[in-house]
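Let's walk through this model together, one strand pairing and one side chain at a time. Have the structure open and follow along as we go.

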Amino acid sequence: MESLEEHTVLCPYCGEAIDVLIDIQEVGDEYIEDCQVCCKPIIFNVATDSAGNLTVTVRDENESQ
């Protein structure tokens with residue numbers, strides 16, 4: 001079973017679409033990864049929806065949860 005899924009997210013700072021690999025074992029986790037374009041820290045939240053699909057949401061470090 002593949003434990004990595006590729007997702008495209010939009011950087012909350014520069015708006016660029018970036019491709020990221022998400023480890024499905026990180027469901028329920030929050031972590032920070034720098035944008036590949038502008039190098040600012042993006043906060044990633046990894047979860048699953050009601051159908052069991054992996055969902056990835058991003059926000060900037062100043063945005064409230």
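**A tour of the sheet and its side chains**

β4 and β5 form a hairpin with five residues between them, and in its turn Gly52 has a positive phi of about 90°. Before we go further, please keep in mind that this is a predicted model. The two strands of this hairpin run antiparallel and are joined by seven bridges. To find one of these bridges in your viewer, look for Ile42, whose bridge partner in β5 is Asp60.

Now turn to the other partner of β4. Strand β4 covers residues 41-48 and pairs with β3 in the antiparallel sense, over five bridges. Here Ile32 has Ile43 in β4 as its bridge partner. These two strands also make a hairpin, with six residues between the strands, and in it Cys39 takes a positive phi near 65°.

Put the two pairings together and you have an open sheet of three strands, in the order β3-β4-β5, with antiparallel pairing. β3 (30-34) and β5 (54-60) each have a single partner strand and stand at the edges, so one side of each is left without a neighbour in the sheet. From one strand to the next, the twist averages 35°. As general background, strands of a sheet pair through backbone hydrogen bonds, either parallel or antiparallel.

With the backbone in place, let's look at the side chains. How many aromatic pairs are there? The count comes to one. Its rings belong to Tyr31 and Phe44, with centres 5.3 Å apart and planes at 5°; the pair is stacked because planes under 30 degrees apart count as such. The pair links distant parts of the chain, with Tyr31 in strand β3 and Phe44 in strand β4, 13 residues apart. Within the sheet, Tyr31 stands opposite Phe44. Are these residues buried or exposed? Buried means under 20% relative accessible area, so Tyr31 counts as buried at 19%, and Phe44 counts as buried at 0%.

The next stop is a charged pair. In general, side chains of opposite charge can pair when their charged atoms come close. The count here comes to one salt bridge, which Glu30 forms with Arg59, and the closest N and O atoms are 3.1 Å apart. This pair, too, links distant parts of the chain: Glu30 lies in strand β3 and Arg59 in strand β5, 29 residues apart. What about the accessibility of the two residues? Glu30 is partly exposed, with a relative accessible area of 41%, while Arg59 counts as buried at 9% relative accessibility.

Finally, let's visit His7, which has its place in strand β1 (residues 4-10). At 18% relative accessibility, His7 counts as buried, because the value is under 20%. Its side chain makes a polar contact of 3.3 Å with the side chain of Glu5. Which residues does His7 touch, not counting residues up to four places away in sequence? They are Ile18, Asp19, Val20, Ile22, Leu54 and Val56. Since β5 spans 54-60, you can select Leu54 and Val56 to follow these contacts from His7 back to the sheet where we began.

Notes: Residues numbered from 1 in each chain as written. Predicted model: local features only at pLDDT ≥ 70, side-chain atom pairs only at ≥ 80, totals over all residues. Heavy atoms only, no water. Pairing = 2+ DSSP bridges. Helix = DSSP H or I, 4+ residues; strand = E, 2+ residues; numbered from the N terminus. Axes fitted to C-alpha atoms, helices over the stretch in contact; angles between N-to-C directions. Phe/Tyr/Trp six-rings, centres within 6.5 Å; stacked < 30°, edge-to-face > 60°. Buried < 20%, exposed > 50% of the residue type's maximum accessible area, 1.4 Å probe, protein only. Polar contact = N/O pair within 3.5 Å; in protein donor to acceptor, adjacent residues only side chain to side chain. Contact = heavy atoms within 4.5 Å. Salt bridge = Lys/Arg side-chain N within 4 Å of Asp/Glu carboxyl O.
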